[in-house]
Amino acid sequence: MKVNIPFIALLIYIAFTIVSCSDDEPVKAENIQDELLKAVNILRSTGCQCGQDTMPPVAALTWNDTLESVALDHARDMYTHNYFSHLSQDGTPPIARAQQAGYAGIYVGENIARGYFNVADVMEGWKESENHCKNLMDTIYLEVGGASIAGYWVLDFGKRD
């Protein structure tokens, strides 16, 4: 069988072009809400080690759509503007972003990560980071919302009045 190398190269080029073309809009990770909430609540129900501190089991969190929206906006902003910080580029902290979005919470915390492409891996990364781990286990928080855009993850925790 004779293989036509230029034809194969053309097919590879076309396939690569189709996969790599975009309108520069980051892609939101779909259907992670249930998986993310389940992973957080499994960790909270079993307890864990955060740095040198043993964290006992704590109550489960409930999902909050406003916190999810705030997380999605921050993940998109970090991706679009190529930065990585809990503060927006204008210096806005997580609680102010949440309040601006209509969240009536008095406490807001946040975990961020980048370079992870599934819930299991980002959760492992957060468990290995003492401060992020303690956010996951903090009894002050009752709600959570999270999102991922192109490998940027944001998980916002909250407690309403």
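**View 1. Surroundings of Asn-111 in the predicted model.** In this predicted model, Asn-111 is in contact with His-86, Trp-126, His-132, Asn-135, Leu-136, Trp-153, Val-154, Leu-155 and Phe-157, when its neighbours within four places in sequence are left aside. Asn-111 belongs to strand β4, which covers residues 105–114, and it counts as buried because its relative accessible area is 0%, where the cut-off for buried is under 20%. A polar atom of the Asn-111 side chain lies 3.2 Å from the backbone oxygen of His-132, and His-132 is also one of the residues in contact with Asn-111.

**View 2. Leu-136 and the largest nonpolar core.** Not counting residues up to four places away in sequence, Leu-136 touches Asn-111, and its other partners are Val-40, Leu-43, Arg-44, Met-123, Trp-126, Lys-127, Leu-155 and Phe-157. The largest nonpolar core has 24 residues, and Leu-136 is listed with Leu-36, Met-123, Trp-126 and Leu-155 as having the most contacts inside it. Two or more residues of this core come from each of α2 (33–46), β1 (48–50), α5 (119–128), α6 (130–137) and β6 (152–160). A second core, separate from this one, has 10 residues, among them Ala-71, Leu-72, Ile-112 and Tyr-152. In soluble globular proteins, nonpolar side chains tend to be buried together.

**View 3. The two faces of helix α2.** Helix α2 has 14 residues and reaches 20 Å from its first C-alpha to its last, close to the 20 Å expected at 1.5 Å a residue. Its buried residues are Leu-36, Leu-37, Val-40, Asn-41, Leu-43 and Arg-44; seen down the axis of α2, they fall within an arc of 155°, and so they line one face of the helix. An α-helix has 3.6 residues a turn, so residues three or four places apart point the same way. The exposed residues Asp-34, Lys-38 and Thr-46 are carried on the face of α2 that is turned away from its buried side. The packing partners of the buried residues of α2 are β1, β3 (62–63), α5, α6, β5 (143–149) and β6. After α2 comes Gly-47, whose phi is positive, near 80°.

**View 4. Polar contacts of Ser-148 in strand β5.** Is Ser-148, a residue of strand β5, buried or exposed? Ser-148 is buried because its relative accessible area is 4%, against a cut-off of under 20%. The side chain of Ser-148 reaches the backbone oxygen of Tyr-152 at 3.4 Å, and it also makes a polar contact, at 3.5 Å, with the side chain of Trp-153. Both partners appear in earlier views, since Tyr-152 is included in the second core and Trp-153 is in contact with Asn-111.

**View 5. Two loop residues with positive phi.** Most residues other than glycine have a negative phi. Asn-82, although not a glycine, has a positive phi of about 55°, and it is found in the loop between α3 (65–81) and α4 (94–100). With a relative accessible area of 62%, Asn-82 is exposed. Ala-150, which lies in the loop between β5 and β6, likewise is a residue other than glycine with a positive phi, near 45°. Ala-150 counts as partly exposed because its relative accessibility is 33%, a value in between the cut-offs of 20% and 50%.

**View 6. Gly-125 in helix α5.** Gly-125 is found in helix α5, an element that gives two or more residues to the largest nonpolar core. At 18% relative accessibility, Gly-125 counts as buried, the cut-off being under 20%. The C-alpha atom of Gly-125 is separated by 9.7 Å from that of Arg-114, a residue 11 places away along the chain.

**View 7. The whole protein, for orientation.** The protein has six helices and six strands, which follow the pattern α-α-β-β-β-α-α-β-α-α-β-β when read along the sequence. Of its 161 residues, 40% are buried. Among contacts between residues at least 6 apart in sequence, 69% join residues at least 24 apart. The accessible surface comes to about 9,300 Å², and 56% of that surface belongs to carbon and sulfur atoms.

Conventions: Residues are numbered from 1 along each chain as its sequence is written. This is a predicted model: local features need pLDDT of at least 70, side-chain atom pairs count only at pLDDT 80 or more; totals for chains, interfaces and linings use all residues. Side-chain values use heavy atoms; hydrogens and water are left out. A nonpolar core is a set of buried Ala, Val, Leu, Ile, Met, Phe, Trp, Tyr and Cys residues joined through side-chain atoms within 4.5 Å. Buried means under 20% relative accessible area, exposed over 50%, partly exposed in between (1.4 Å probe, protein chains only). Helices (H or I, at least four residues) and strands (E, at least two) are DSSP runs, numbered from the N terminus. Contact means heavy atoms within 4.5 Å. The expected span of a helix is 1.5 Å times one less than its number of residues. The arc is that of the directions from the helix axis to the C-beta atoms. A polar contact is a pair of N or O atoms within 3.5 Å; within protein, one must be able to donate a hydrogen and the other to accept it, and residues adjacent in sequence count only if both atoms are side-chain atoms. Accessible areas come from the Shrake-Rupley method with a 1.4 Å probe; for residues, only the protein chains shown count as cover.
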